[in-house]
Amino acid sequence: MERTRMSRAGNGRCVGTGTAGGFTLVELLVVMTVMAAVAALATPMLDRVAPRLELRAAAQDLGTALRAARSAALRDNRETVVLIDVERRLFRTGSAGPASFLPEGTALTLLTATRERLDEARGRVRFYPDGTSTGGEVRLRRGSADYTVGIDWFDGTVRVHDTES
């Protein structure tokens, strides 16, 4: 049976390696200082990126609602309408569906069929049971961020893309 070697208390050396283990206080302080400097430099970058990400999420939410409306039209074999209000920055499926609001400061532009225009601020996108739609486009802008949600009239597909790209 082999014996386990142990160091004497206060020796400061790891048994078998001959070197001290761990980091000194100065090394830890240097690492913490570097990490704080990187965090301080990264914070302004996040302020520029956050609005773009928030607008992208809003465009994706609108695209998801439009796709769900198309799916409902196909599934239920009846027309489904999505109302878009550019002045109040909201959209809803059907006349009684819950409203989803877009972020504060978002500028909306709606391009839809003339007969789907309700007034200057509101319009609709209609999906039919065969998968087609009235088509259109919703453009979302906020600062330098710019996204477009396109609805194809022929097959009702919905595409979200960064307009700047």
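**Close-up 1. W153 sits out in the open, alongside F154.** W153 is exposed, with a relative accessible area of 58%. This is a predicted model, so keep that in mind for every view here. F154 is exposed too, with a relative accessible area of 58%. The structure holds 1 aromatic pair. That pair is W153 and F154: their ring centres lie 5.6 Å apart and their planes meet at 80°, so it counts as edge-to-face.

**Close-up 2. Strands β7 and β8 make a hairpin.** Here we look at β7, which covers residues 145–151, and β8, which covers residues 158–162. The two run antiparallel and are joined by 5 bridges. To pick out one of these pairings, find G150 and look across to R159 in β8, its bridge partner. Between the two strands come 6 residues. In the turn you'll meet G156, whose phi is positive, at about 75°. A bit of background helps with this view: strands of a sheet pair through backbone hydrogen bonds, either parallel or antiparallel.

**Close-up 3. Four strands line up as an open sheet.** Reading across the sheet, the order is β3-β2-β1-β5, and the pairing is antiparallel. The edge strands are β3 (100–101) and β5 (122–127), each of which pairs on one side only. Further in, strand β1 (residues 80–85) and strand β2 (residues 90–93) pair in the antiparallel sense over 4 bridges. For a landmark, try D85: its bridge partner in β2 is L90. As you follow any regular strand, remember that the side chains alternate between the two faces of the sheet.

**Close-up 4. A72 is tucked away in helix α1.** Helix α1 spans residues 25–76, and A72 is part of it. Is A72 buried or exposed? With a relative accessible area of 12%, A72 falls under the 20% cut-off, so it is buried. Leaving aside residues up to four places away in sequence, A72 touches N77 and T80. You can also look from A72 to Y128: they are 56 residues apart in sequence, yet their C-alpha atoms are 9.5 Å apart in space.

**Close-up 5. Four valines make a nonpolar patch on the surface.** Which residues form this patch? They are V26, V30, V34 and V38, and together they make a nonpolar surface patch of about 360 Å². To place the patch, start from V30, which is found in helix α1. That is the helix we met with A72.

Conventions. Residues are numbered from 1 along each chain as its sequence is written. This is a predicted model: local features need pLDDT of at least 70, side-chain atom pairs count only at pLDDT 80 or more; totals for chains, interfaces and linings use all residues. Side-chain values use heavy atoms; hydrogens and water are left out. Buried means under 20% relative accessible area, exposed over 50%, partly exposed in between (1.4 Å probe, protein chains only). Contact means heavy atoms within 4.5 Å. Two strands pair if DSSP finds at least two bridges between them. Patches are made of residues with over 30% relative accessible area and no salt bridge: like charges are joined within 9 Å, nonpolar side chains (Val, Leu, Ile, Met, Phe, Trp, Tyr) within 5 Å. Accessible areas come from the Shrake-Rupley method with a 1.4 Å probe; for residues, only the protein chains shown count as cover. A salt bridge is a side-chain nitrogen of Lys or Arg within 4 Å of a carboxyl oxygen of Asp or Glu. Rings of Phe, Tyr and Trp (its six-membered ring) pair if their centres lie within 6.5 Å; planes under 30 degrees apart count as stacked, over 60 as edge-to-face and the rest as tilted.
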